[in-house]
Amino acid sequence: MRPPSSFSALFAQIFIPIGIFFALLGLIGTLISFPMKNGEPWVFLPIGVFLFLLGFICALDAVWSKSRRTRLLTQGQAVQGTIISVKHHVFINWNINSFTTIPGKNSPWSLRCRYTWQGRDFTIRSPLLWHCPCKGQSPTIYVNPQRPSQAVVDSDSIRYEIS
């Protein structure tokens, strides 16, 4: 499975399976009627449906954001950006090697970039980057000329540190 490129895609990958599990647990518990110490098994069903719907909304947002990003990368005006800050999201860990890894080893980064369009300054955050970006670079940013606050950072223009 590919690492997610946005927080909404990450939340969708978390909430949808948990929602399905809870909904199935509630459905099976209702049909089989197994005893529980403090409560009824049917309570898992609405919790599961809620988590599934929350994950589905996050998935829709991720698809919409990806399509908008693709549209801006193909139709937007390219400008040079300046990196303001680099953030390492150490509490997000994408295990790719084994069951356990060192916290922060497989965690994404994100950039906050500034760009100027017609004399006005704007800021934008990059998608989740799964390699450490090099310092002191100017990534390419694609801007919607009609709405200059809509822009995306071109991930292909970012150089990464070799690990």
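**In which pattern do the α and β elements follow one another, read along the sequence of the chain?** Read along the sequence, this predicted model goes α-α-β-β-β-β-β-β. In total, the chain has 2 helices and 6 strands. The legends below take you through the whole chain and then through a few close-up views.

**Figure 1. The whole chain, seen through its overall numbers, has a radius of gyration of 21 Å.** For a compact globule of 163 residues, you would expect a value near 15 Å. The C-alpha atoms fill a box of roughly 65 × 40 × 25 Å, taken along the principal axes. How many of the residues count as buried, as a percentage of the 163? The share is 36%. The chain exposes about 10700 Å², and carbon and sulfur atoms supply 63% of that area. Contacts are worth a look too: take those between residues at least 6 apart in sequence, and 59% of them join residues at least 24 apart.

**Figure 2. In this view, strands β2, β3 and β4 form an open sheet.** The order of these 3 strands is β2-β3-β4, and their pairing is antiparallel. Which strands are at the edges? They are β2, covering residues 82–88, and β4, covering residues 120–125, and each of them pairs on one side only. From one strand to the next, the twist averages 20°. Look next at strand β3, which is made of residues 109–117: β3 and β4 pair in the antiparallel sense over 6 bridges. You can find two facing positions in this pair. T116 stands opposite D121 in β4, and W117 stands opposite R120 in β4.

**Figure 3. Here we zoom in on the hairpin of β3 and β4, which has 2 residues between the strands.** Q118 is the residue to find, in the loop between β3 and β4. Its phi is near 55°, a positive value in a residue other than glycine. Is Q118 buried or exposed? Q118 counts as exposed because its relative accessibility is 71%, and the cut-off for exposed is over 50%.

**Figure 4. Another open sheet of 3 strands brings together β1, β5 and β6.** The strand order is β1-β5-β6, again with antiparallel pairing. Strands β1 (77–80) and β6 (151–153) stand at the edges with a single partner strand each, so one side of each has no neighbour in the sheet. In this sheet, the twist averages 30° from one strand to the next. Strand β5 is made of residues 140–143, and β5 and β6 pair in the antiparallel sense over 3 bridges. To find a facing position in this pair, look for I141, which stands opposite V153 in β6.

**Figure 5. Helix α2 lies across strands β1, β5 and β6.** This helix is made of residues 44–75. At what angle to β6 does helix α2 run? The angle is about 90°.

**Figure 6. In this close-up of leucines in the two helices, L24 is found in helix α1 and L45 lies in helix α2.** Helix α1 is made of residues 7–32. Start with L24, whose C-alpha atom is separated by 8.2 Å from that of F44, although the two residues are 20 residues apart along the chain. L24 is partly exposed, because its relative accessible area is 46% and partly exposed covers values between the cut-offs of 20% and 50%. Now move to L45, which is partly exposed as well, with a relative accessible area of 32%. Which residues does L45 touch, not counting residues up to four places away in sequence? L45 touches F22, A23, G26 and L27. The C-alpha atoms of L45 and F21 are separated by 9.3 Å, and these two residues are 24 residues apart along the chain.

**Figure 7. The last view turns to cysteines, in a structure where a search finds 0 disulfides.** C134 is in no disulfide. How far away is the nearest cysteine sulfur? It belongs to C132 and is 7.3 Å away, whereas a disulfide needs the two sulfur atoms within 2.5 Å. Find C58 as well: C58 counts as buried because its relative accessibility is 13%, and buried means under 20%.

Notes: Residues numbered from 1 in each chain as written. Predicted model: local features only at pLDDT ≥ 70, side-chain atom pairs only at ≥ 80, totals over all residues. Heavy atoms only, no water. Pairing = 2+ DSSP bridges. Helix = DSSP H or I, 4+ residues; strand = E, 2+ residues; numbered from the N terminus. Axes fitted to C-alpha atoms, helices over the stretch in contact; angles between N-to-C directions. Buried < 20%, exposed > 50% of the residue type's maximum accessible area, 1.4 Å probe, protein only. Rg over C-alpha atoms; globule rule 2.2 N^0.38 Å. Contact = heavy atoms within 4.5 Å. Areas by Shrake-Rupley, 256 points an atom, 1.4 Å probe, with all protein chains shown as cover.
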